[in-house]
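Trainee: I've got a model open and I'd like to learn how to read it. Could you walk me through it, feature by feature?

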Amino acid sequence: MAALLADKTVLIVAKRLESLASLRTLVQGQQAGLVQVASSANMALSLLRMQSFDLCLIEHGLGEGEKNGYQVIEESVREGLKRAVDCQILILPEGSTSVANDSLESFADSFFVKPVSPQLFDSRLEKLLKLKKAVRPAEELVDQGEDGKAIQMIEQMLRKMPSLGPYLTRLQSRLLIQQQDYDRARRLLQNAADERGMSWAYMGMGICHYHEGHFAEAMACFNQVLERSPESIEAFDWLSRLYRVIGRNEPAQKLLEKAVAVHPTVPVLQSDLGDVASENSSWDVAIGAFRESVKYARHSCYQKPNNYFGLARCLQTKVSPQGGSHSSRAEQEAVRALEDVAYEYKDDRLIRFKSRLMTSETYKLSGDIKRANAAAQDAFVDFKKLDDSQQAEELDNLLEGLENTQLQTVAEEYKADFSRRVFTETEWGRNNLQGISFYRKGKFEEAFDFFLKALETVPNSPSVLLNLVQTGYELVQLQPQRATEILAVCNERLLNVSIGAMNSKQQDRFRALSDRRAMLSDPEFDA
């Protein structure tokens, strides 16, 4: 028999030297070409950024308090580091009975339970490589971005090779969801669920129902996944997102607290918990969650400035002019988080401005006016270097941040001049003003369209976003038949912003809109 791994590149991810040695022996027995090794998730992802590997052998346990092997798979997929044609195999601890199989895209192609015998390894690897060879034409199209052609080819393959049904249906459903063909994807997934009861089929159906606005059906699907796979990261994530979409933030927080207890090293769960706990004013929970999200997202696709800003904003709630050890520690940690984000994104003027502005606010809360004024001066200098769109997005933050500092009057004068110029000379400014005008006249449909146009230019503006959402909720009450369509537009944008990083006035407005969202959702969820 020819060597299975001849001329193939292999990445081995293992923490312990003995595990590394045993896995290296397995691949050497099949005459692997280039073999690279990594002892941590971050190291593995760094290697994957430099080159692709035909085969990855990934040990699940990578150390206490460290990202695990499944996270290597999930983050490599999320970051676009894994080609469809590549194979990823998960090595589970001794005594394990199964591997998570609940995701449409982030899953191991195969798995082994330690200790791995050479005979079993060779046999299962041979079967896997034969499968990958059979589906390679379709997966090559996926890697080339030809999703439509890949879907057509998969249909042909299903007729010729029905034994590959589960693998090809999973791939086809994922591609259809990416193309937003939710109805067709859901019908395929329903057949897979009925015939084989696969967890990934229920997950996919839940995602389709979610995007179609069928929230009760989506909730049933995600709960079905959790019953089958109690540690499913994706089910926790989607279910918490669904709770937030319908304005049920208390159960969303409880669910995410349970999720991070199971998966403390998953940054997206920690970040989501930080946001929903901020919305609930559960500051201790939010601080802990944002702190962990910063820690585990570093050097990954989940690293986001808003995690740092959310941490600092939540810590500010613990800072007071009366001082004391708790206030002092919160102040120091908030300033350190703001210094860290400025360092991590040192080439980004907007991040530097926001960091210095929030530093000024932090010192102002502690009563250290001298430092507050110095940071405010630096922030204002950075603000004036931003382009008009960025200044527009941050204008409200600037004014609130510089209140009660020596820059307050200067900033107010700057705003008056800026508003006259930008709101009349730029397309987004005119659209925003038109939206406000139509809203005041009760013409919510026209106002909604103008706010949408404004957001195309300034997508990160909290004030324009909140204008859009508030208008959308008024429109839903007037045109309930459009509720699914309008709420989907609002929800998509709301879940992509961090309330934890907003200023206090924006947070209050966000919470008020969240209460309205709960009233607009189906009464069946009240139970």
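**Reading the model, piece by piece**

Mentor: Start with a serine: a polar atom of the Ser-103 side chain lies 2.9 Å from the backbone nitrogen of Ser-106. Keep in mind that this is a predicted model.

Trainee: Which other backbone nitrogen does the side chain of Ser-103 reach?

Mentor: That of Glu-105, at 3.2 Å. Ser-103 itself sits in the loop between β4 and β5 (110-113).

Trainee: Is Ser-103 buried or exposed?

Mentor: Buried, because its relative accessible area is 1% and the cut-off for buried is under 20%.

Trainee: Now a helix, please. Where is Thr-359, and what does its side chain contact?

Mentor: Look in helix α16, residues 349-366. A polar atom of the Thr-359 side chain lies 2.7 Å from the backbone oxygen of Ser-355. Thr-359 has a relative accessible area of 12%, so it counts as buried.

Trainee: And Val-469, is that one buried or exposed?

Mentor: Val-469 has 0% relative accessibility, so it is buried. You'll find Val-469 in helix α22, which spans residues 462-478. For a sense of scale, try Gly-288: it is 181 residues from Val-469 along the chain, and their C-alpha atoms are 29 Å apart.

Trainee: On to strands. How should I read the side chains there?

Mentor: Here's the general idea: along a regular strand, side chains alternate between the two faces of the sheet. Now take strand β1, residues 10-13. Val-10 and Ile-12 are on one side, Leu-11 and Val-13 are on the other, and all four are buried. Both faces of β1 are therefore covered.

Trainee: Which strands does β1 pair with, and how many bridges are there to each?

Mentor: To β2 (residues 35-38), β1 has 4 bridges, and the two run parallel. The bridge partner of Leu-11 in β2 is Gln-36. As for the route between them, the chain leaves β1, passes through helix α1 (residues 17-28) and arrives at β2, making a right-handed β-α-β crossover. Strand β3 (residues 55-59) is also parallel to β1, again with 4 bridges. There, Val-13 stands opposite Ile-58.

Trainee: What about empty space? How many cavities of 30 Å³ or more turn up?

Mentor: A search of the whole structure gives 1. The largest cavity holds about 40 Å³ of space.

Trainee: Which residues line the largest cavity?

Mentor: Arg-244, Glu-279, Leu-494, Leu-495, Phe-510 and Arg-517. Sorted by class, that lining has 3 nonpolar residues, 3 charged ones and no polar ones.

Trainee: Pockets next. How much space lies in the second largest pocket, and which residues lie nearest its centre?

Mentor: About 750 Å³ of space lies in the second largest pocket. Its lining has 29 residues, and His-60, Asn-68, Tyr-70, Glu-231 and His-263 lie nearest the centre.

Trainee: Which elements supply at least two residues each to that lining?

Mentor: Helix α3 (69-78) and strand β4 (87-92) each do.

Trainee: How does the lining of the second largest pocket divide by class?

Mentor: You get 11 nonpolar, 12 polar and 6 charged residues. Set that beside the lining of the largest cavity, with its 3 nonpolar, no polar and 3 charged residues.

Note on methods. Residues numbered from 1 in each chain as written. Predicted model: local features only at pLDDT ≥ 70, side-chain atom pairs only at ≥ 80, totals over all residues. Heavy atoms only, no water. 1 Å grid on protein atoms, 1.4 Å probe; cavity = no way out; pocket = protein on both sides within 12 Å on 5 of 7 lines; lining within 4 Å. Points joined across faces, edges and corners; volume = space filled by probe spheres on them. Nonpolar A, V, L, I, M, F, W, Y, C, P; charged D, E, K, R; others polar. Buried < 20%, exposed > 50% of the residue type's maximum accessible area, 1.4 Å probe, protein only. Pairing = 2+ DSSP bridges. Right-handed = clockwise from strand over helix to strand, strands pointing away. Polar contact = N/O pair within 3.5 Å; in protein donor to acceptor, adjacent residues only side chain to side chain.
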